[in-house]
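Reader: Before I use words such as pocket, buried or sheet for this protein, I would like to hear what each of them rests on. Could you take me through the reasoning with the structure in view?

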Amino acid sequence: MAMPAEECPRTSCCLRAADITLKFGGITALDGVSLEVSHGAICGLIGPNGAGKTTFFNVVSRLYTPGHGTLEFYGRNLLAARRHEIVSIGIARTFQNVALCRSMSVLQNVLLGGHARILTTPAKSAFLGQSSSEELSLHQEAMEMLALLDIAGHAHAMPADLPFGTQKRVELARALMAHPQLLMLDEPANGLSHHEVDSLVAVIKKIQTAKKLTVMLVEHHMGMVFKLSDSVIVLEAGRKLAEGTPEEIRTDVRVAEAYLGRTA
């Protein structure tokens, strides 16, 4: 099992990838990608469309299996894990497009995120009006999570009736209910207004501090990436192009030419 987040030294490595290579037929989606994400850090993963960012996320969450390379999560061989084990190992993610259950309330959607920790069987009993100490505790935690994200007032609303930015927070709350050590956010600013992006930056900082999380962020909104990240990794055509602090990446000529479309 992975070391609990509170027991991991700040200097330890949360995620280590070495020479990750993945091909789809004749197309190389990831070409020898090696990177490290430090425990307790926020790492931005950027690059042009088709650079391999979401593909790398899909490898970490075990949706894809690379043809070559190693991947470790706090020293554990992540490639030996099965897809359904990822949440219990300590990894949770959100997706580019909001994927909430539209027939369930906000609270029910968030409760789904804690299903891996429900001790009673079947887990669905939480939604059928039955009660147990585990379910009551989970319900209380879900309400606290909604409060942390400033959306507790929407607990009994239906997701489709809420603004897109609020739906994004619901999905984030659901991911946090899994008690992740590593939280992977795939384009969380997609579709948000400038004001909503600024608000989301504050929320991510708040939860990262409160939950002592390591965060990996795929995002095209450069302002958000540079405000949030401790380190930034740039992919281009499936390869790692550059890595450094936000300021180093901001002034890197290769990044400016390949991703930002200008010279530094």
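Author: The turns below go from the whole protein to one strand, then to the sheets and the pocket.

Author: Please keep in mind that this is a predicted model. Its secondary structure comes to nine helices and ten strands, and of its 264 residues 50% count as buried. Among contacts between residues at least 6 apart in sequence, 68% join residues at least 24 apart.

Reader: What makes strand E3 largely enclosed by the rest of the structure?

Author: A residue is called buried when its relative accessible area is under 20%. Five of the five residues of E3, which spans residues 42-46, meet that condition, and therefore the strand is largely enclosed. The burial concerns both faces, since Ile42, Gly44 and Ile46 are buried on one side, while Cys43 and Leu45 are buried on the other.

Reader: How do you know that E3 pairs with strand E8, and in which sense?

Author: Pairing requires at least two bridges between the strands. E3 and E8 (residues 214-218) have four bridges, in the parallel sense, and so the condition of at least two is met. Within this pair, Cys43 stands opposite Met216 of E8. E3 is also joined in parallel by four bridges to strand E9, residues 231-236, where Ile233 is the bridge partner of Leu45.

Reader: Why is one side of E6 and of E10 left without a neighbour in the sheet?

Author: The sheet is open, with six strands in the order E6-E7-E8-E3-E9-E10 and mixed pairing. E6 and E10 (239-244) stand at its edges with a single partner strand each, and therefore one side of each has no neighbour there. The twist from one strand to the next averages 20°. As for the word mixed, E3 and E9 run parallel, whereas E9 and E10 run antiparallel, joined by five bridges, and Ile233 has Glu243 of E10 as its bridge partner. Helix H1 (residues 53-60) packs on this sheet, touching E3, E6, E7, E8 and E9, and its direction makes about 145° with that of E7.

Reader: What makes the arrangement E2-E1-E4-E5 an open sheet with edges?

Author: Four strands follow one another in that order with antiparallel pairing. Strands E2 (27-38) and E5 (76-77) are at the edges, where each has a single partner strand, so that one side of each lacks a neighbour in the sheet. Eight bridges join E1 (residues 13-24) to E2, and Cys13 stands opposite Ser38 in E2. H1 lies across E1, E2 and E4 (68-73), running at about 115° to E1.

Reader: How do you know which residues line the largest pocket, and which are the closest to its centre?

Author: A lining residue must have an atom within 4 Å of a point of the pocket. The largest pocket has a volume of about 490 Å³. Of the 19 residues that line this pocket, Val87, Ala92, Arg93, Phe95 and His115 are the closest to its centre. Helix H2 (86-89), strand E6 (91-93) and helix H5 (164-176) are the elements that give two or more residues to the lining.

Reader: How do the lining residues divide into nonpolar, polar and charged?

Author: The lining of the largest pocket has eleven nonpolar, five polar and three charged residues. In this count Gly is taken as polar and Cys as nonpolar.

Definitions and conventions: Residues are numbered from 1 along each chain as its sequence is written. This is a predicted model: local features need pLDDT of at least 70, side-chain atom pairs count only at pLDDT 80 or more; totals for chains, interfaces and linings use all residues. Side-chain values use heavy atoms; hydrogens and water are left out. On a 1 Å grid over the protein atoms alone, a cavity is a set of points where a 1.4 Å probe fits but cannot get out, and a pocket is an open set with protein on both sides within 12 Å along at least five of seven lines; lining residues have an atom within 4 Å of a point. Grid points are joined across faces, edges and corners, and a volume is the space filled by probe spheres set on the points. Buried means under 20% relative accessible area, exposed over 50%, partly exposed in between (1.4 Å probe, protein chains only). Axes are lines fitted to C-alpha atoms, for helices over the stretch in contact, and angles run from 0 to 180 degrees between N-to-C directions. Contact means heavy atoms within 4.5 Å.
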